[in-house]
Amino acid sequence: MNAPTHHAQEYHASGRIERRAFVALMGATALAGGDALAQGTPKPGGKLRVSAQGNPSSLDPMTGNSGSDHVVLYPMYDTLVEWDYATLQAKPGIAESWIDPDPTTLVLTIRDGITFHDGTKCDAAAVRANLVRAMTHERSNIKSDLGTVKEITASGRNVTLKLKQPDSALPLILSDRAGMMCSPKAMEESGRDYDRKPVGAGGWKFVSWADNENVVMTRNEHYWKPGRPLADAVTFQVIPELNTGLRSVTAGQNDFIYFLVPQQKALIDRARNVSSMIGPTMWCIQMYINYGRPPLDNVKVRQALNFAVNRDEFNKAAFGGLAEPTTMLLPKAHWAHVAELANYYTHDPERARKLLAEGGYSNGIDLVGISYSEQLSVQQQEILIEQVRQAGIRLTFKRFTGPPTTTAFLAEKQGDVFLSAWTGRPDPSLTYQLMFGVGSYYNAGRGEGAPGLTEALLATRASSNLDVRKAAFRKLQQIVTEHALMVPLVFRPELDAFGKRVHGYRPNLLGKPKFTDVWLEG
Amino acid sequence: MLANHPRLRMVGRRLAQIVPVIVLATFIVFGLLKLVPGDVAATLAGEYATDERVAQIRVAYGLDQPFLVQYWHWLWNAAHLDLSRSFMSNEPVLDQILHRFPTTLLLVFCALLISLSVGVPLGILAATRVGSRVDVAVTSIASFGVALPSFWLAMILVATFSLSLGWFPATGAVRWSVDPRLAVWYAVLPAVALAAGGMAEVVRQLRSALIEVLASQYVRTLYAKGLSPTAILWKHGLKNVAVTLLTVIGLLTSRLLGGAVVIEAVFAIPGMGSMVVRAAIVKDFPVVQGVVFAMVILVIAINMVIDVLYTLVDPRVALK
C-alpha cells in the first residue's frame, strides 16, 4: 500500500461507473423489460417476501459457512466497507473512509452516530471487538480472511489495523463476513446462541428464525442511511427447490426469488404476473484441476483440455446462451477483467490432440471427473464428455450429492477434475489465493501450479493503487491461463423473478441480492 | 392384577420393544451415515475451508473420536432427553422436532382421512358389485392411484388449483397452533397428493377382504335366515373386515410418514421429511438420529394403538 487512498469524499468525487459496467447494468435493465430502474417514485411500506434457496448456516457472520447466507445477512448487518453494484469496487460503509499511512497499516474512520439494533453504539471500540473476535474466536470460520492482521487498536473514531505484510485486499474483505458488524453487548449476552439471536446495524432488525422455514425481519427505524430501507419488513421463506420457489412467486405467495437457472426463463416469461431480470455475476462454472499429480501435472495435457472445450456451445446447450463464456476468472464487468485472456483458449480439438501427443499421450487420455448428481450438473457433464471426446480425452464422471462432492475432490483427492463453480469473492485476490495458493484447501494439489505464481499472488495485495493492482492481476491471470491451472467455462447469469409490485431492485456483480432500495407498490 | 390383563400385557410388550428398537435403528442409521462419502467437518467449514480449520472442527465436534464412542455419546445424551444440537444450524434437535412434527402429523392425518373417506366407500361399492361396471371403474381408479407418482400428481394439483384457479396455496404450511382453519387449508393439496396411493391401497385391500367375507358360508346362512343385504353388510361383513382395515391403516400411516418426504419437498412444507432429507445430505448426524428416534417412537406407538384396537374389535387377539 502506498499513498493514502479511499477517502469517502474522494470516492464520491471519482465514483464514476466504468463503461463496461454501465453496459452490463444497462443490459440487465433491458432484459428486465425496462422495469428495473425506471420504476416511478420509491414509496416506503409493505412487506417483502423473498424465496430463499437455503436455510442460513448461522446468523452470526463469523460462524456461518455458506455463501448463500449473505442474502439473509445483508439486511441485518451493514458492513464496514461496501461495494459498487456494477464493478465491485470498494466504497464507504460503516467506515466512512480509510487510509494506509504506510504499507502495513490500515486506518478506518468509523461513521459517527450509527447504533446497533439494541441501541448500543457502533463505534470504533465495537468495530475493534468484532474484528478481534473474528480473528481469535475458536468458532470463527473467517480467521484466514484476517490472516494478515497483526494487531488492532481503537482510538476516537479510528480503528487501526497493523499488518504482518501489505494487504490491499483488506478493504473489500471488510465488505464480506469480517466487515459485518455485530453488537458486542449482544454477542456477550447470547454467547453461542448469538448464531440465532443476531443484532446488527443494518436496515432491518431480526425478529425470528424458524429453521428451514423462514427468517423474519422488521425495519430498523434508526437506520443511518436517510430514507432507507423502504420495505417495512422482509421475510425470507426457505424453499430449497427452485421450481417450488418460482411457483410460490407465480402464485403470489412470495414477491421475489433470486438466482434461478436459465432453464426457468421460459417459465417466467409465460407467467403474466411475474417479471424477470438478468445480470452478470462472478459465479464461474469451471473444472478444477488436480495438477499435483499425473496426468494433469503436465501443462500440455491441461492446455489440451482447455482447447478441447467448446465454451460457446456449452453456453448455448446448458445456459440457453445467457451465460458469459470465459477462459479467465473474472467477468467482463469486473474492474480487474483482462479482455485478451477471456478468449485465450478457442475451441480447437485438433490442437488439443496435438498437445496431448506432445505431452506423451498420442493415444488419448482417460480422465475421471467429480461432480454433482443433480440434473443440471449431469447435463453439463454430458456436454463436456462429448466435447472433449472429439479431442481424444475420455472423460467419465463420478457423482455425489451435496457437500460430499467437494470433499471427494478437495480433501479425499478423488478424480482428476472437478466440475463445479466458484461463487466469487469481493476482492479478486481472495479468489486466486483460495484456488491457487500453496496449501490452499481449494487447490487440490496443494502445491504451486506454476513458477512465479506465489510472487504474483502477493503482488496483487501489495498496493492499494487500482492501476497497480490491475496490472498485478493481469500478470497473475496470465500465469494461471498460460499454465492452464483451471478450465473456466462460463459465468452463470443472475436470473431473478419478482411480482409486478416489486420495484427498485438492482442486481449486483457478486450475485447476492441486497434489498435496501426495493420498494413495493400497493 | 392389572398386569395380568391381556390388553395391558400386550401394551407392556410393545413398550418393552421401544428401547432395543431405538438402539438398533439409530445404530444402523449412524453406521450408514458414516459409510456415506464426505466429511461433515469440511461441510461445516463450507466455503471458508482450510485444512487447518477442517481439523479444528473435527476436534471441536468430537468427529475425531472412534465411531462407537461417538455413538455412545449420542445415545447417553438421548437417554437423558438431550438430542444434541444440529451441526448446521446450532438449534437444539428436540426443538426442531417439536416445531416440525405437528406439521407433518397434520399432513399425514389429513392424507389418512382422505384415503379412508374415499377408499372405504369405494371398496365397499366395488365388493358389493363384483364384476359390474362400477367394480371395474373402481378397481381401475385404484390401479391408477397405485401407479400415480405422488410428486407428479402434486405438481398437476398445484398447476390447476393454485396457479390457474387460485383456490389453494401453492407452497408452504401454517401450524395448527397458529390458525387451525388456515393450517387445514394449506394442507389440502399436499394431503390429496399424498393420499392418492393410500386411497388406492384401502380400496384394493377392503374390496378383496369384503368379497371373501361376503362369499363365506355364514353370510350365506344369514341370507337364508332372511336378513337384508344392508344388515348383512353393516352388521356382519364390515365387522369382519375391520381387522384387515386396521392393519391397512397401521401400514398406511407408516407409509404416509415416509411419503411425506417427497410431498414436503414439492410444496416446500417445513416438516420432518424435508428436515431429515437435508440433514442426511450434509451428514448432520444429530438431526438424522433425532428424527429416527422420534419416528421409532411414533411407529411403535401407532402399532400399539392398532394392537389395542384389534383387541377391541376382536377380543380373541388379546387372548392369543
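Which domains is chain B divided into? In this predicted model, chain B splits into domain 1, covering 12-79, and domain 2, covering 94-319.

**How the two domains of chain B meet**

Measure from one C-alpha centre to the other and you get 33 Å between domain 1 and domain 2 of chain B. They do touch: 16 residues of domain 1 of chain B are in contact with 13 residues of domain 2 of chain B. On the domain 1 side, the elements giving two or more residues are α1 (6-35), α2 (40-45) and α4 (67-79) of chain B. α1(B) gives the most to that side, with ten residues. As for chemistry, the residues on the domain 1 side that touches domain 2 of chain B break down into eleven nonpolar, four polar and one charged.

**A covered strand in chain A**

Now over to chain A and its strand β13 (residues 284-289). Is β13(A) mostly covered or mostly open? Mostly covered: six of its six residues are buried. That goes for both faces, with A:C284, A:Q286 and A:Y288 buried on one side and A:I285, A:M287 and A:I289 buried on the other.

β13(A) has these strand partners:

| Partner of β13(A) | Sense | Bridges |
|---|---|---|
| β17(A), residues 417-422 | antiparallel | six bridges |
| β18(A), residues 486-491 | antiparallel | five bridges |

A:C284 is a handy residue to look for in both pairings. Towards β17(A), A:C284 stands opposite A:W422; towards β18(A), A:C284 sits across from A:F491.

Definitions and conventions:
Residues numbered from 1 in each chain as written. Chains lettered and ligands numbered in written order. Predicted model: local features only at pLDDT ≥ 70, side-chain atom pairs only at ≥ 80, totals over all residues. Domains from an automatic or database assignment. Contact = placed C-beta atoms within 7 Å. Helix = DSSP H or I, 4+ residues; strand = E, 2+ residues; numbered from the N terminus. Nonpolar A, V, L, I, M, F, W, Y, C, P; charged D, E, K, R; others polar. Buried ≥ 20, exposed ≤ 12 C-beta atoms within 10 Å, placed from the backbone. Pairing = 2+ DSSP bridges.
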